[in-house]
Every structure is written in structure tokens, then in C-alpha cells.
Amino acid sequence: MLNHFQMRIFELILIIHCLVSRKRECESKLYVILGKQYSDYVVDLSSMLRIDLSSQWVNSFDNNEDIYTNLCQIKELNIRQNLFQNWSELWSQLQNHFPHLEILNVSNSRMIFDQSPPLEFLHINQLVLIDTDNDCDIFENICKYFPNLISIHLDLNRLSYLSETFVSQLPNLTSISLSDNPTLKSWDPFINHLGQLKHLEELILNNCAIDEIKFPDENSTELFPSLKYLYMSDNNISTFSSIDELSQLVSLISFSILRNPIYPLNPIECETAKQMIIARLPNITHFNRVLITREERRGAEIDYLQRYAQDYFDRKLDFIHEHRQYQKLIEKHGEPLKQNSTETLKKGLCIRPNLLPVIFEFGDENQRKIEKKIPSSMTIAKLKTFVRKLFPLQLTNDIQINLFFVIDSKHRELMTSEYQDVHFYLGNCLSNECNDRPSIIRIETVS
């Protein structure tokens, strides 16, 4: 097992020297380390800015001043996955030998916080403490000596809470990653404490066992004023009420929620959930790290309006509170179509949505055809988005399309109303349960 920080530094500098092929034409002093000789010109590399000693199993620092003479300009130090025992060892090295350090990575370590440093490290702005087996109380003791942090990684720890004291120590923070802390669990109050950070732009909460997003009733709109990127895959979010809460975040432009109960595995249900989330979050431009096209957003919003139209017209209690964006979308697109009572009753008696076999026929010289089953309740706006995914190479975002229901060889009907569902145009296919012959929908581009 290697136990000398000195040896690793010299090995690293020798490699860098060989790569840049620099030599000095002067008298050299020789160092002997484990039988190897290194001349002093090797350590004269004042342009070196980064040291990576990760996974070297080093257990102590060396105090030989000759090592550090040319390291004072170092800006990034990675000592991840080594065997240092106490934070006091690290404090001493940072204070004496790395005055300009900006990025520090001490992940995958089990160092004991044995004493406080004599000063704050004002130049360090990025701190990586992944898998250090600590809770918030230890991070409080550490972070207060890094007052100018803009980025911190606390993934794979055993965080069970986030204190207001911890948050108050990070006034300049723009990015924080807390992924893989399944003991964290609660958005309110712990994640809400982070909402006090005026400059926070990125919040990564993958796999934290969070089952609900809930803001306090008072001053909710003042939380997370700068948050742009929120990543919450592999959690336990199961209701759209959590998504409605996020609609209060005016700066949010990217949201990811893969592998949550709200986002089912069934392709059709998955697509529906995606549309409902996009419609509820008016400002996001990326969903699950994929760009939302203008047509996709329009289709999602119209489908959302139509899906909850009956509840809207029935003036159900707390409807506007549960659907914060609904009234704004009505102002944008107009009121949805009101279903008649017969249709509502018929849909209410369905155990599962009716799936219609449909052949999608692309109107070009190749006459491409794809057969799929689609729910009869799918709106035409959503159907257009679905069709673009069937023919992604032919239907780029700048191409406008029309959909036609083919009645017979001589007659077809243009599917004009984006609010109407597929049942409105293909209703006869549902009335004859014995007829399994697929309907035909023809896609034609608009020149």
C-alpha cells in the first residue's frame, strides 16, 4: 500500500513533464524516491493547474517543502478515495500549500471532523463530498469554512435533513446535488429551506425517496427565485398536485422526473402523463432533458384542457386551486368543448379506454404505413404529436401537417378541430365491436 503523498505528486509531475517534453539546461538536484531518481527541473511546472490523486489509497500528506514549491498555483485538487483519517490533516495542507485552490474533491473518504481550521478558505468555490457517510450536522461544520461556494455535491451520503443553519452558510450557491440520499425523503420543510438561496439555479434530487412536492402556503412564490433546472428521477412522486406546486417556480425551464409512479411504463399512459406535466408547467423548455417543441406544447395544453373540461364546467370544488394553469390556458387557447351527458355516461362506464386499431399512411412517394392502437379519447392535437414520433425523419419541427380520416377510396375528412378527440371522427369504429378492421388516417404535409 502506498502511503506517501510525496511519491504520488512526483509521479504525476514526471508524467506531465514527459508529455510536454520540457527540459532545463541547468544543474540538477536529484531526489530518490523508492529507488527512482527525479531531477529538480521536473517539479518546475508553474503552468500546472490540476492535481488528480484519486483512488491511490494514500494515507498521509508529506511535509517536504520541495514538493509544494511549484504547486501554489494549483486550482483543482482531487484526492477522492484515499485513506486520510482526519480533516485536520487536510486543513493544514490547504492553508500552507494551496492558497489559490478553487475546486476540492474529497469524495469516497471517511475522514473524521476532529478540529476546525484556523481560517476560512475564500478561494474555494466548488466542493465535492460524495459518499462521505455524513449527515447534515457534519456538513454544517465543514461548509462554514467555505463561505464562497457556488457548487456543492453531497450525493450518496446519509442525509436525513437539511437545516436552516446549513443553508445560511451557502449564500452564493448556484448548484447543489443531493442525489442518492434515500433517507432525505421530505420536500417540506427540508428542500424548501434551499428555496431561500437567491442564486440557486440547479437542484439535483434523484433517488431521494421524495413522494410529494409541497410549498408552504405563505410566501411560496418567493422560494427558489432563480431555480432553472430541477432533476427528480427515481423518486416516489405519484400525483399531479406535486407538479401543480412547481408551476409557482417562475424561472424553471428544465424538469426531469423519469421512473416515478406518476410516469408509468405503459407507452400510451406515459405519453399522457408527459402531456399533463408539460401543460402544467408553462415555462419549461426541456422535459426529461429533451427539448419541447412548440407544437408539442400546444398539443399538450389543448389535450389537458379537454381532459379536465367536464370538471371545469361542473365548477368542482377547489378546481382552480388543483389546476393552477387551467384558466391561463383558456385565455391562451379558448374554452374546451363541453361534452354532452350521453358521451360522459358512456365514457364513465368504460373499464378501460377504447383502443382503436389505426393505420397511419404517410402521403409521399413511398406511401409508408404504420399500424398502431390509440385511445379513442386522444385529442387531435395530441395525435399530431404522436404522428410526428412515428415519422421523425419525414416530419421535422418546421413542417406543418394535416390529418385526414379516410372514409373510403373516394372520400376523406380533414381532422380540423384540435380540441376534438379521435372518437369524434372515428366513432363508427367503436359502434361495431365485431369489426376489427383498422381505420386509416392519412398524413399530408402543408406546402
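This passage walks through the two sheets, the nonpolar cores and a pair of loop residues in a predicted model.

The bigger picture starts with an open sheet built from 11 strands. Reading across it, the order is β3-β4-β5-β6-β7-β8-β9-β10-β11-β12-β13, and the pairing is mixed. The edge positions go to β3 (50-52) and β13 (290-291); each has a single partner strand, so one side of each has no neighbour in the sheet. At the β3 end, the pairing with β4 is parallel and runs over three bridges. Asp52 has its bridge partner in β4, namely Asn78.

Just ahead of β4 sits Lys75, in the loop that links α2 (65-68) to β4 (76-78). With a relative accessible area of 32%, Lys75 counts as partly exposed. Its contacts beyond four places in sequence are Leu49, His100, Leu101, Glu102 and Ile103. For Leu101 the C-alpha atoms tell the story too: Lys75 and Leu101 are 26 residues apart along the chain, yet their C-alpha atoms are separated by 4.1 Å.

Ile210 is another loop residue, placed between β9 (202-204) and β10 (229-231). Here the relative accessible area is 0%, so Ile210 is buried. Setting aside neighbours within four places in sequence, Ile210 touches Lys185, Trp187, Ile191, Leu205, Met232, Asn235, Asn236 and Ile237. Thr183 lies 27 residues from Ile210 along the chain, and the C-alpha atoms of the two are separated by 9.2 Å.

Now for the packing. In soluble globular proteins, nonpolar side chains tend to be buried together. The largest nonpolar core in this model has 77 residues, and Phe224 and Phe255 have the most contacts inside it. Helices chip in as well: α3 (87-97), α4 (136-143), α5 (164-168), α6 (187-194), α7 (240-246) and α8 (267-280) each provide at least two residues of this core. Phe255 has quite a list of contacts outside its own stretch of four places either way: Leu230, Met232, Ile243, Leu246, Ile277, Leu281, Ile284, His286, Phe287 and Asn288. A separate core of 22 residues lies apart from this one, and its members include Met378, Leu383, Leu390 and Phe391.

The other sheet is open too, with five strands in the order β15-β14-β18-β16-β17 and mixed pairing. Its edges are β15 and β17 (412-414), which have a single partner strand each, so one side of each is left without a neighbour in the sheet. On average, neighbouring strands in this sheet are turned by 30° against each other, ignoring direction.

Within it, β14 (residues 355-362) and β15 (residues 369-375) are antiparallel and share seven bridges. One of the paired positions is Val358, whose bridge partner in β15 is Lys372. The two strands form a hairpin with six residues between them, where Gln367 adopts a positive phi near 50°. Towards the other edge, β16 (residues 401-406) and β17 run antiparallel and are joined by three bridges, with Phe404 standing opposite Leu414 in β17.

Finally, there is a helix to place against these strands. Helix α14 (residues 380-390) lies across β14, β15, β16 and β18 (439-445), and it runs at about 100° to β16.

Definitions and conventions. Residues are numbered from 1 along each chain as its sequence is written. This is a predicted model: local features need pLDDT of at least 70, side-chain atom pairs count only at pLDDT 80 or more; totals for chains, interfaces and linings use all residues. Side-chain values use heavy atoms; hydrogens and water are left out. Helices (H or I, at least four residues) and strands (E, at least two) are DSSP runs, numbered from the N terminus. Buried means under 20% relative accessible area, exposed over 50%, partly exposed in between (1.4 Å probe, protein chains only). Contact means heavy atoms within 4.5 Å. A nonpolar core is a set of buried Ala, Val, Leu, Ile, Met, Phe, Trp, Tyr and Cys residues joined through side-chain atoms within 4.5 Å. Two strands pair if DSSP finds at least two bridges between them. Axes are lines fitted to C-alpha atoms, for helices over the stretch in contact, and angles run from 0 to 180 degrees between N-to-C directions.
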